[in-house]
Number of protein chains: 2
Amino acid sequence: MPAFVNHAQESNVKILSTNGALTPPDGKPLADTRIVPEAPAEPYLRIVPLGGCSEIGRNMTVIETNDDIVVVDCGLMFPDEEMFGVDIVISDFSYLREREEKLRGLLVTHGHEDHIGGIPYFLREFPQVPVIGTALSLALVKAKFREHKVGDVELRVVAPSEVVTLGGIRAEFVHMTHSLAGACSLAISTPLGLVFHTGDFKFDQTPLDGRPADFAAIARYGSQGVLCLLSDSTNAERPGHTPSERTVSEAFSNIFARARGRIIVASFASNVPRIQQVADHALRFGRRMAFLGRSLQNVVHFATELGYLRLSQDRIIRIEDVDSYPPEEVVIMTTGSQGEPMSALTRMSLREHPKAKIVPGDTVVISATPIPGNEKSVSKTINNLYRLGAHVFHGAGAHVSGHGSQEELLLMLNLVRPKYFIPVHGEYRMLVSHARLAERAGVAAGNAFVVENGDVVEFTAGEAGKVGKTYGGNVLVDGSGVGDVGAAVLRDRRLLSSDGIVMIVVSIDAEDSRVVAGPDVMTKGVFYVPESDELLEDLHAAADEALATCSVDGMGDAQSVRERLRESISRLVYERTRRRPVVVPVVMEV
Amino acid sequence: MPAFVNHAQESNVKILSTNGALTPPDGKPLADTRIVPEAPAEPYLRIVPLGGCSEIGRNMTVIETNDDIVVVDCGLMFPDEEMFGVDIVISDFSYLREREEKLRGLLVTHGHEDHIGGIPYFLREFPQVPVIGTALSLALVKAKFREHKVGDVELRVVAPSEVVTLGGIRAEFVHMTHSLAGACSLAISTPLGLVFHTGDFKFDQTPLDGRPADFAAIARYGSQGVLCLLSDSTNAERPGHTPSERTVSEAFSNIFARARGRIIVASFASNVPRIQQVADHALRFGRRMAFLGRSLQNVVHFATELGYLRLSQDRIIRIEDVDSYPPEEVVIMTTGSQGEPMSALTRMSLREHPKAKIVPGDTVVISATPIPGNEKSVSKTINNLYRLGAHVFHGAGAHVSGHGSQEELLLMLNLVRPKYFIPVHGEYRMLVSHARLAERAGVAAGNAFVVENGDVVEFTAGEAGKVGKTYGGNVLVDGSGVGDVGAAVLRDRRLLSSDGIVMIVVSIDAEDSRVVAGPDVMTKGVFYVPESDELLEDLHAAADEALATCSVDGMGDAQSVRERLRESISRLVYERTRRRPVVVPVVMEV
């Protein structure tokens, strides 16, 4: 086993990572460090995060023994601003592809996109693998199948406390509290010991549905002995305790008591507890409730059917009928809390939504915090809502996080009392903070591993540590293409986005070195063409001149003609505009 | 005078705005609402914000009387992620261009980029106009001149409390506290009354240099009577009081006491009080100090020379010599607190800085908060610093804002006691919050005007209100081009960035409708070419087929050949990839 590299300050936290991204932001491919050693002959357990370790999103963890593999979650991540044109980001399945015969099941902790969004792509490759989770989680998975044309697959619904057997691995779904109903931790028994994976969680002691986390089950596993805990690190930098969903009530009561016009609440479609809060307040304050947005209507439908959501059906109205009620008797629940361009709230804020308009007197509640990277678009939406005369509540009070803060993470550690600890679901800094917490909670010095996507952590009877590295990078989904957009394509898109493109096209007679048509100069995104006649003429002249020089030297070699055109045009554009567009010379030999 | 449109809730705040952006994010030009009525014959005062009203950045305000115009500040703004390839954003000078003969002076409140960054562009058009400000402000202005090749212009240095006369307008520079030395408010006397423009400010009661704001002067103007107050709205949504710069001391003392290796502090280059803090701590804790980064070294040079910064010169070392001192005796001050790609700290975090490397044991202090939109890049930098083994302090304690919070804004209102109020320097939501504060502080209902860039507010003996709208939009600077990148170019860049470009080039013989060369198909940024042979072949075949159809119909019309190629190639690319690249067909007639 290789020696540990210990970077972390003021603790013995083991930093086992190397960055596994296949498409790093700078476009330079990283050195290939993917080496996975042969599995040992003795009993072993491997834990391999394929996503979510040093990022927020696309959570996915492989649990592997000598004979079996189970996968926990398969999420998606939204592209950052450097992934031009990319729709979503999923994990690299190479490690599973090479071990497909051992694949026994995909366990789903809960139905958020960053835990289930990659499942259609997973099932495209591994349709034989059963997907196992609670009813709401699987309803949300199933909702994706039509769009993705997923065929015949096995969805196995389990209840909390139920145990599933997958080859030599057994897994209990342990009821947990989070910002979505049906969330579970997983207690995964392997021949080498127990792995406890928290999934996303908070310890809400006063949840709306009256069902706090299954402390008894967690504590029972803790006393029996847990080999390794994997725990949600989203709020590992946040001291104290995340407030209960119930505390949102107070903010909503104030808002509902004061609002004189309509109330519009934007949240995540999947936030079933929040929908319940709004519905309860609507009932209490004599308002009717409408749901705007397909994804939200889907969730309401499933969650109601499965008993996670209790609505007074006679108080629900269709969004089309909203205008037939007095404004002070209406609540509209919708999506768009992140300022997403196509979401209902964003379109309303721009007066572009066909079904709903903001009018002066409306009260808009943004019941979510911006995901990192979305701050500016959320802020734009808020400004536009103000412009339309709405009163806007956002942030403090009207939202609580679904992820436990430091005191809850410590409580989880003290309940589970693991020998080893791997922080998951978080950026690098959060993983390091969480590993430090683990040491404070008694995990032995050196037994808290900070790993990144693709790191292979191996446990045998005597040892534990990182033994190798597999493909842990981003797979970019763009349109129908999965993984065909990589560093090279993104580099081109970045260059095009920054200064546009210039094309110079010329036809030459290959035999007598004569220009027979062109040169034509075309530009896209470099400068405003209708006002750039002079510059275009100069570009034309420069191309003529470059061709004339070539002509003297002999036009035979199209490659060198192209080079000369490229050089001459690039230089002139830079001199005149200080811009560096992509320059594409095309020489056609007639 | 047109009727006011009153959108705001729960107050009589007058919303006078229409969005003045020339290049709105959606690429659609807004309806032209620019109508500025003839100036009245009677004495009048016009206040026209050309930047900073409903945005953070490019602050610029026009103060106009019958005979004279003075301009307060001329800043820049950094482009948002939708302004592809744009370097900076400045204000539209059209209103001034049309009234150039009245232009008497440009008054600079302080030397931050969002107040001075547009001055070189301003002077390019109006070189005859004197630029007036305190010594440090003008030193920072002058530092830009070499890069911008600004020639002979008048920079008039004033001391706080000094009064300048500009035609019929007189302006006193009133000493103020902010996160940069030499900051002033402006008390501008016009024939119609006094305009008090705060510039950026906080009321730091215990500033490091022992010089709190000139309360006496502010109060004196307040008792004499102020027609209109324009006040900094950056923190108008933040309750309470912004802590004193001195409170940062405590955080720094803790950090310096605990750090065992080098300390690296990143802040804004212009934050002179922060540089002083770090220097004081270096002295106290026996560390030598090095400055990394040209802009920072510039500021240190000017600020020291002008007496704003007091350094023990024998404790300053060159960045090149840092390694000859033990790590525990070194502090490096640098830039990059915003995760800017080319900044020193970002490059250090990526191991790309030639002069400075992060080593395990380093303590990095990010002494600034992320500007909205920069959160993600700051977070990336922090993660990368952790990866290199550094300990990172950011946010709480090690930074305080330079802008006053609600209690300070209320104090300013109560000191100045204006008849009318215009909130400036802030996003729309902040302006609305600030206007509400003004009403709470006694500004008469309806006398607090929320205006946006380009709105023309006019005061005469009897009346006050918005009378028109001038060009208030963004002027985009890209390379050496000022204003030639607009909605059309940005739209092309956005399309190119999202799905790339496909070019199809063919030469036809115009006479006998025969293809003589091509079709050639080239792509950039659509898919990964080396692995797309099949698709490229199919595109080629589709182009051949489209040409064959044309051929039957007669190849005479190049335009219709182009259309057929575009349509056929667009359709095939979309069918196969679900992407919509820009498709450029080029037909050369030989």
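B:Leu106 has B:Val131 as its bridge partner in strand S7 of chain B. The model is predicted. Strand S6 of chain B pairs with S7(B) and also with S4(B), and aromatic rings and charges over rings add further contacts.

**Strand S6 of chain B**

- S6(B) and strand S7 (residues 131–133) of chain B run parallel, joined by 2 bridges.
- Strand S4 (residues 69–72) of chain B also runs parallel to S6(B), and 4 bridges join the two.
- B:Val70 finds its bridge partner in S6(B) at B:Gly105.
- S6(B) covers residues 103–107, and 4 of its 5 residues are buried, so the strand is largely enclosed by the rest of the structure.

**Aromatic pairs**

- The count over all chains is 21 aromatic pairs.
- A:Tyr420 and A:Phe459 form an edge-to-face pair, with 5.4 Å centre to centre and 65 degrees between the planes.
- A:Tyr420 lies in strand S19 (residues 418–424) of chain A and A:Phe459 in strand S21 (residues 455–459) of chain A, so the pair ties together parts 39 residues apart in sequence.
- A:Tyr420 counts as buried because its relative accessibility is 9%, under the 20% cut-off.
- A:Phe459 is buried too, with a relative accessible area of 1%.
- A:Phe93, A:Phe122 and A:Phe126 are linked into a cluster by ring pairs.

**Charges over rings**

- In chain A, A:Arg580 lies over the face of A:Tyr574, 3.9 Å from the ring centre.
- In chain B, the charged end of B:Arg580 sits over the ring of B:Tyr574, at 3.9 Å from its centre.

Note on methods. Residues numbered from 1 in each chain as written. Chains lettered and ligands numbered in written order. Predicted model: local features only at pLDDT ≥ 70, side-chain atom pairs only at ≥ 80, totals over all residues. Heavy atoms only, no water. Buried < 20%, exposed > 50% of the residue type's maximum accessible area, 1.4 Å probe, protein only. Pairing = 2+ DSSP bridges. Phe/Tyr/Trp six-rings, centres within 6.5 Å; stacked < 30°, edge-to-face > 60°. Lys NZ or Arg CZ within 6 Å of the ring centre and 35° of its normal.
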